[in-house]
Amino acid sequence: MFHRIFLLLVASLLALASHAQTNADSIAKILRNHIFRLSSQGMMGRGYVGNGQKKAAEYISCHFTNLGLTSVTAFTDMQQYYSFPVNTFPSKMNVTINGKQLLPGQDYLVDAASAPYNYRKSIAVKDLSSVSTTHQWRHTKATLSDTCIWLLLHTDSMCLNTGIPSHQLPSLLPSGCYIIPQKNKLMWTIADHTNAATVVYIADTSLPALTTAASVDISAKLNKKYTASNIVACIRGSLPDSFIVFSAHYDHLGKMGSNTFFPGASDNASGTAMLLYLAQYYAAHPQRYTMVFIAFSGEEAGLLGSAHFVQNPLFPLANIKMLCNLDIMGDATDGVTVVNATMHPKEYELLTSLNNQHHFLPTIKSRGKAANSDHYYFSEAGVPAFFLYSNGGKGYYHDIYDKPEAVTLQNIPGVANLLISFATEIQK
Ligand SMILES: [Zn+2]
């Protein structure tokens with residue numbers, strides 16, 4: 001008798017385990033499909049050249065509509081429009097050193113605020129290691145004429161000594177073209193203006209020991225008024241005025257010249273895929289609270305979409321019981337980190353106790369406040385908000401290697417199940 005009960009117990013445990021595995025596999029399949037679509041060449045890095053971001057917006061809003069989600073207000077559609085300036089690199093992107101063509105994204109990046117440039121010139125070296133005061137810097141700057149292309153050495157030590165933040169250096173350089181060698185990984189950004197100078201960051205390893213001449217042909221164009229949209233949709237609950245919000249930014253860096261794009265698979269096709277999965281789940285399982293899904297734009301340009309939403313909310317922010325922002329959800333081999341955990345200890349305790357009970361993830365780490373994603377302006381406005389990011393993967397970030405093939409989705413279905421069980425508890 002005991003033996004039979006034991007066997008039954010083992011059988012039912014095995015059935016449960018295989019059910020959990022099937023559930024994880026089917027979630028991973030849905031996520032992977034969205035990640036590949038959002039990071040595809042056709043989406044052009046979900047940026048500002050060739051309508052990439054708009055194509056992604058269409059993909060997301062179509063998905064929401066097909067699931068039966070609705071707009072949060074009776075007066076607007078799902079898309080909330082706003083605009084901002086952005087510097088773009090729509091076509092030519094050619095850099096050669098000593099006659100050898102370099103590969104964009106791999107050998108070099110153009111500074112995001114660069115002006116257009118199209119010359120072949122000899123290279124002159126300027127070693128900045130001896131520049132240690134702002135006075136000396138002003139003097140040195142006056143010698144940087146546009147008669148040659150400048151190879152600036154030791155910009156880091158100059159910035160350290162003078163107190164000039166290194167990210168500000170390109171805006172201080174006079175009109176002309178500058179090469180700054182990079183020891184570290186090349187990571188691209190977005191700028192809302194065009195500087196006088198064209199700055200090219202070249203990987204140390206791609207720069208010959210003796211540089212004599214360069215040709216730089218880069219087209220840049222400031223789009224003074226790029227119109228972006230946040231996509232906001234919901235599934236009404238039986239207590240319709242209490243909201244749980246899931247958010248993720250869908251924008252990325254887009255294109256750097258006509259042939260190079262930044263796929264942004266981990267950042268943040270992965271979080272967007274999770275948002276789309278949660279919308280699919282809740283469309284089939286309506287809740288007591290109204291579940292809101294916001295796909296933000298403009299995050300990489302400086303949290304612009306979420307800032308716009310918080311300033312122009314489509315429903316009272318005070319109705320939000322909890323917001324969970326998802327950014328970088330591609331590999332949770334080492335679990336997740338929760339930003340704002342220390343601000344909301346009760347909710348964090350709930351999250352960790354659910355994880356201990358169900359073993360969704362190997363570990364959950366706590367972190368304090370940080371202005372590093374779209375939860376930030378909500379929490380500044382008094383909305384209880386967590387930002388969850390996953391820990392794992394190869395660390396491709398803001399580079400051309402952040403491709404869907406590199407996203408493992410290890411333990412990511414566990415994040416989905418953790419969020420669902422967390423949201424269930426919050427509504428009790
Ligand atoms: Zn991101």
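This briefing describes the zinc site, salt bridges, cysteines, sheet and buried elements of one protein model.

The model is predicted, so local features need pLDDT of at least 70 and side-chain atom pairs count only at pLDDT 80 or more, whereas totals for chains, interfaces and linings use all residues. Residues are numbered from 1 along each chain as its sequence is written, and side-chain values use heavy atoms, with hydrogens and water left out. Helices (H or I, at least four residues) and strands (E, at least two) are DSSP runs, numbered from the N terminus.

**Zinc site**

- The zinc ion has as its protein donors His-249 (NE2), Asp-267 (OD) and Asp-327 (OD), the last listed twice, at 1.9 to 2.7 Å; donors are N, O and S atoms within 2.8 Å of the metal (3.2 Å for Na, K and Ca), and since water is not among the atoms, sites may look incomplete.
- The angles among the four donor atoms run from 49 to 142 degrees, and the site is irregular; four donors count as tetrahedral if all angles lie between 85 and 135 degrees, four count as square planar and six as octahedral if opposite donors are over 155 degrees apart and all others between 65 and 115, and anything else is irregular.
- The donor residues follow the sequence spacing H-x17-D-x59-D, and the pair Asp-267, in helix α6 (residues 265–284), and Asp-327, in the loop between β15 (320–326) and β16 (336–339), links parts of the chain 60 residues apart.
- Asp-267 and Asp-327 are both buried, a term that means under 20% relative accessible area, with exposed meaning over 50% and partly exposed in between (1.4 Å probe, protein chains only).

**Salt bridges**

- The structure holds five salt bridges, each defined as a side-chain nitrogen of Lys or Arg within 4 Å of a carboxyl oxygen of Asp or Glu.
- In one of them, Asp-217 is joined to Lys-92 with the closest N and O atoms 4.0 Å apart; because Asp-217 lies in strand β9 and Lys-92 in the loop between β1 and β2 (93–97), the pair ties together parts that are 125 residues apart in sequence.
- Asp-217 is buried at 18% relative accessible area, whereas Lys-92 is partly exposed at 41%.
- Asp-399 and Lys-185 form another, with the closest N and O atoms 2.6 Å apart; Asp-399 is in the loop between β18 (385–390) and α10 (412–426) and Lys-185 in the loop between β7 and β8 (197–203), 214 residues apart.

**Sheet and buried elements**

- An open sheet of eight strands runs in the order β3-β2-β9-β5-β6-β7-β8-β4 with mixed pairing, where two strands pair if DSSP finds at least two bridges between them; its edge strands, β3 (100–101) and β4 (108–110), each pair on one side only.
- Ile-218 belongs to strand β9 (residues 213–218) and is buried, with a relative accessible area of 2%.
- Beyond neighbours within four places in sequence, Ile-218 is in contact with residues including Phe-89, Lys-92, Val-110 and Val-200, contact meaning heavy atoms within 4.5 Å.
- Six of the eight residues of helix α7 (residues 304–311) are buried, and the buried residues of α7 pack against β1 (79–88), β10 (221–235), β14 (289–296) and α9 (376–380).

**Cysteines**

- The whole structure contains zero disulfides, a disulfide being a pair of cysteine sulfur atoms within 2.5 Å; for Cys-62, the nearest cysteine sulfur, that of Cys-234, is 18 Å away.
- The sulfur of Cys-159 lies 18 Å from the closest cysteine sulfur, in Cys-177, which is too far for a bond, and Cys-159 is buried at 7% relative accessibility.
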